[in-house]
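Reader: Got a minute to walk through this one with me? Let's pull it up first.

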Amino acid sequence: MLLEIKDLCAGINGKEILKGVNLQINKGEVHAIMGPNGTGKSTLASIIAGRPGYDITRGDILLNGKSLLGMPPEQRAQEGIFLGFQYPVEIPGVSMASFLRAAINETRRYRGQLPLGAVAFARQMKEKEEMVEIKAKMKNRSVNEGFSGGEKKKNEIFQLAMLEPKVAILDETDSGLDIDALRIVAGGVNKCKTEENATVVITHYQRLLEYIVPNYVHILYGGRVVKTGGRELSLELEEKGYDWIKAQVEGEE
Amino acid sequence: MTQKKNEVFNEVTSGDYKYGFVTDIETEFSPKGISEEVVRYISAKKEEPEWLLEFRLKALAKWQTMTMPNWAHLDIPPIDFNDLYYYAAPKKKKLASMDEVDPELIDTFNRLGISLNEQKKLSGVAVDAVIDSVSVKTTFSDSLAELGIVFMSFSEAVKKHPELVRRFVGQAVPSGDNFFSTLNDAVFSDGSFCYIPKGVRCPMDLSTYFRINAEGSGQFERTLIVADEGSYVSYLEGCTAPQRDENQLHAAVVEIILMKDAEVKYSTVQNWYPGNKEGRGGIFNFVTKRGLCRGDHSKLSWTQVETGSAITWKYPGCVLGGDNSVGEFYSVAVTNNYQQADTGSKMIHLGKNTKSTIISKGISAGKSQNSYRGLVRIAPRATGSRNFSQCDSLLLSDTCGAHTFPYIDTANSSSVVEHEATTSKISEEQLFYCQQRGISSETAVGLIVNGYAGAVLKKLPLEFAAEAQKLLNVSLEGSVG
């Protein structure tokens with residue numbers, strides 16, 4: 001198993017948000033996490049990536065059997081966790097090239113590899129730009145500075161392609177994208193998929209799942225995974241909304 | 001969360017000073033303190049002409065009537081001006097030839113990364129190396145002389161080109177200008193002199209490297225650069241000092257005179273010993289730097305990266321006398337621990353259609369205080385003039401301070417003055433974003449700070465920019481690359 005989340009309970013400022021989340025993700029799989037607003041989808045993504053400020057009260061997160069919980073965020077990234085941000089931040093004056101080169105070389109150092117030289121790095125930038133069809137001439141632009149909403153999301157996918165993580169968690173990567181940008185972003189994600197990695201897509205809408213086809217769809221509600229199904233579950237949600245899930249969960253309680 | 005972040009910053013802002021060593025060399029001192037006797041001693045040591053001794057004595061008399069300025073946002077402990085040596089020179093050993101430099105001094109400069117060996121010319125930079133009160137060696141003097149360029153120590157210039165020195169000294173910084181420059185007028189020791197003749201573009205960067213070594217001494221160097229009509233020169237200045245518990249005084253004067261169509265770029269990387277983490281020791285840096293754009297269409301750029309000194313008091317300025325002359329000031333000032341900096345620029349517009357730009361980036365960490373102070377004055381006859389000032393402050397701790405004191409004084413209605421200021425912190429979001437990509441918090445702070453200062457660093461000559469970038473990282477974080 002690549003990523004395993006076991007009975008994860010967590011909150012912020014004393015407020016419990018995740019109340020026993022269980023997920024098992026294998027290599028080569030695409031998982032979608034859906035659910036109404038405020039049910040902890042983004043919290044889950046943040047906690048996996050190690051964003052400071054959350055209290056983990058119970059459970060564990062394992063990547064290839066190794067617990068991530070004691071690791072600082074950069075170490076989790078170096079181990080192979082990638083988070084596609086819902087709101088990527090701007091870092092003025094820092095070029096994408098120097099940013100990504102620092103990211104790649106620190107990760108390589110962590111893995112006991114030699115740093116990537118300037119030429120090899122430039123080649124990789126070019127290759128990946130072509131691969132994900134992002135013609136934004138990223139290299140000399142500052143990280144997300146002055147990027148449009150769509151460009152920021154495309155830039156997240158470009159970074160995904162550059163960093164080649166084991167698990168890519170995409171937090172509402174579709175929000176704020178028009179249909180053309182959505183297609184490009186989804187196409188990029190699909191090209192990054194291999195037999196060795198896994199993709200977790202967090203979304204409200206099943207529209208994205210037309211392009212990134214999931215093996216599993218999980219519904220997160222009230223801080224727990226209340227239903228898991230295949231691709232058809234997302235279609236059912238599209239048709240019926242979330243109310244029947246809510247009714248079902250409340251009926252059980 | 002905030003506490004966690006402060007820990008990160010504390011960790012990354014605790015880099016050590018790498019140039020704190022002392023060269024064990026026999027030093028010759030003037031009598032302690034300041035008096036007519038000491039001024040005469042210095043002048044005699046340098047075998048100066050009578051007019052220069054007069055210049056010094058006049059300044060001394062004036063200085064004795066002056067009081068230390070207290071308007072800066074600095075907490076300066078009392079300085080006993082009679083408790084230091086105004087002249088300290090490495091004793092000359094008996095060497096085979098006159099031109100030979102004591103190997104110990106060569107070694108000192110090698111350790112600082114400055115090669116005094118012309119064969120090892122790295123990037124085509126000519127160096128005047130000054131230790132304490134004397135210049136030990138000026139490289140490439142001879143090859144530059146073929147182009148008519150005079151590049152030598154100030155003392156040597158007084159002997160070889162007295163007419164040039166006499167004509168220009170005190171033009172940009174008049175005798176008695178301010179407390180510290182007047183002190184310098186009286187006791188200045190060595191520094192560099194440079195004259196670029198008409199129409200000559202200096203083929204290499206010229207530089208002065210200042211090193212304080214002797215204990216209990218101050219450094220009072222004086223640099224004078226004259227760029228004649230249509231000439232160009234890029235000038236670099238670097239400085240370091242040993243790590244000591246006492247405070248040492250550095251009061252320099254730099255004057256630049258530009259004739260018609262001349263252009264001068266003056267870049268400084270100031271890395272005097274900043275004191276330890278508890279604020280003990282460090283250099284008191286009180287510097288007067290001013291350029292006089294005398295000729296029409298002349299252009300002067302000051303670029304400074306200030307990371308050292310316990311106290312910095314420094315306002316490189318441009319007096320834009322010639323019509324259409326241009327003044328620029330680009331600054332990155334970093335303060336950490338208990339450092340204090342009050343620095344900025346003065347742009348005095350006298351000529352018509354004169355233009356000035358001020359870009360100041362302050363970075364404060366630890367318990368430091370960092371102030372920008374700038375004056376933009378547009379005289380009545382300086383019609384059609386423009387100034388743009390941008391002063392940004394970046395705070396890396398919640399115990400430091402950043403302050404901005406802009407003074408604007410416009411005396412005509414056809415000129416435009418713009419001032420922008422921002423204050424920001426490195427956000428937790430930025431830090432987390434970098435970390436999520438596998439970048440350690442230490443490297444992340446380095447990247448963000450260098451990005452923030454990028455607009456200024458870009459103005460530095462290439463090899464100097466790399467140096468400055470490294471220095472920024474060292475001052476703020478020890479190992480960030």
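Author: We can go through the chains, the cores, a helix pair and a few single residues.

Reader: Experimental or predicted?

Author: This is a predicted model.

Reader: Start with chain A. How many helices and strands are there in it?

Author: Chain A has 9 helices and 12 strands. Of its 253 residues, 54% are buried.

Reader: And chain B, how many helices and strands?

Author: Chain B has 11 helices and 24 strands. Its length is 481 residues, and 63% of them are buried.

Reader: What share of the contacts is long-range, say 24 or more positions apart, in chain A?

Author: In chain A, 69% of the contacts with a separation of 6 or more come from residues 24 or more positions apart. For chain B, 84% of the contacts between residues at least 6 apart join residues at least 24 apart.

Reader: Cores next. How many residues has the largest nonpolar core?

Author: That core has 111 residues. Ile5(A), Leu44(A), Ile91(A), Phe99(A), Leu100(A) and Ile169(A) have the most contacts inside it.

Reader: Which helix gives the most to this core?

Author: Helix α10 of chain B, residues 441-457, with 9 residues.

Reader: Any general background on such cores?

Author: In soluble globular proteins, nonpolar side chains tend to be buried together.

Reader: Back to Ile5(A). What is it in contact with, beyond four places in sequence?

Author: Ile5(A) is in contact with Val21(A), Asn22(A), Leu23(A), Leu44(A), Ile48(A), Asp60(A) and Ile61(A).

Reader: How many residues are in the second core?

Author: The second, separate core has 34 residues, including Val200(B), Leu300(B), Phe329(B) and Tyr372(B).

Reader: Switching to helices. At what angle do α5 and α6 of chain A cross?

Author: Roughly 10 degrees, with the axes coming within 10 Å. Helix α5 covers residues 149-163 and helix α6 covers residues 179-192. The angle is under 35 degrees, so α5(A) counts as roughly parallel to α6(A).

Reader: Which residues meet there?

Author: From α5(A), Lys153(A), Lys154(A), Ile157(A), Leu160(A) and Ala161(A) take part. They meet Ala181(A), Ile184(A), Val185(A), Gly188(A), Val189(A) and Cys192(A) in α6(A). The residues of this contact divide into 8 nonpolar, 1 polar and 2 charged.

Reader: Cys192(A): buried or exposed?

Author: Cys192(A) is buried, because its relative accessibility is 13% and the cut-off is under 20%.

Reader: How many disulfides over all chains?

Author: The count is 0 over all chains. Another cysteine, Cys391(B), is buried at a relative accessible area of 1%.

Reader: Now the threonines. Where does Thr357(B) lie?

Author: Thr357(B) lies in strand β20 of chain B, residues 355-364. Thr357(B) is buried, with a relative accessible area of 19%.

Reader: What does Thr357(B) touch?

Author: Setting aside residues up to four places away in sequence, Thr357(B) touches Gly327(B), Glu328(B), Phe329(B), Tyr330(B), Met347(B) and Phe388(B). Phe329(B) also came up in the second core.

Reader: And Thr410(B), which strand is it in?

Author: Thr410(B) lies in strand β23 of chain B, residues 401-410. Thr410(B) is partly exposed, with a relative accessible area of 35%.

Reader: What is Thr410(B) in contact with, past four places in sequence?

Author: Ile378(B), Ser415(B) and Val417(B) are in contact with Thr410(B). The C-alpha atoms of Thr410(B) and Arg377(B) are separated by 5.7 Å, and these residues are 33 residues apart along the chain.

Conventions. Residues are numbered from 1 along each chain as its sequence is written. Chains are lettered from A and ligands numbered from 1 in the order in which they are written. This is a predicted model: local features need pLDDT of at least 70, side-chain atom pairs count only at pLDDT 80 or more; totals for chains, interfaces and linings use all residues. Side-chain values use heavy atoms; hydrogens and water are left out. A disulfide is a pair of cysteine sulfur atoms within 2.5 Å. Buried means under 20% relative accessible area, exposed over 50%, partly exposed in between (1.4 Å probe, protein chains only). A nonpolar core is a set of buried Ala, Val, Leu, Ile, Met, Phe, Trp, Tyr and Cys residues joined through side-chain atoms within 4.5 Å. Helices (H or I, at least four residues) and strands (E, at least two) are DSSP runs, numbered from the N terminus. Contact means heavy atoms within 4.5 Å. Axes are lines fitted to C-alpha atoms, for helices over the stretch in contact, and angles run from 0 to 180 degrees between N-to-C directions. Angles under 35 degrees count as roughly parallel, over 145 as roughly antiparallel, 65 to 115 as roughly perpendicular and the rest as oblique. Ala, Val, Leu, Ile, Met, Phe, Trp, Tyr, Cys and Pro count as nonpolar, Asp, Glu, Lys and Arg as charged, and the others, Gly among them, as polar.
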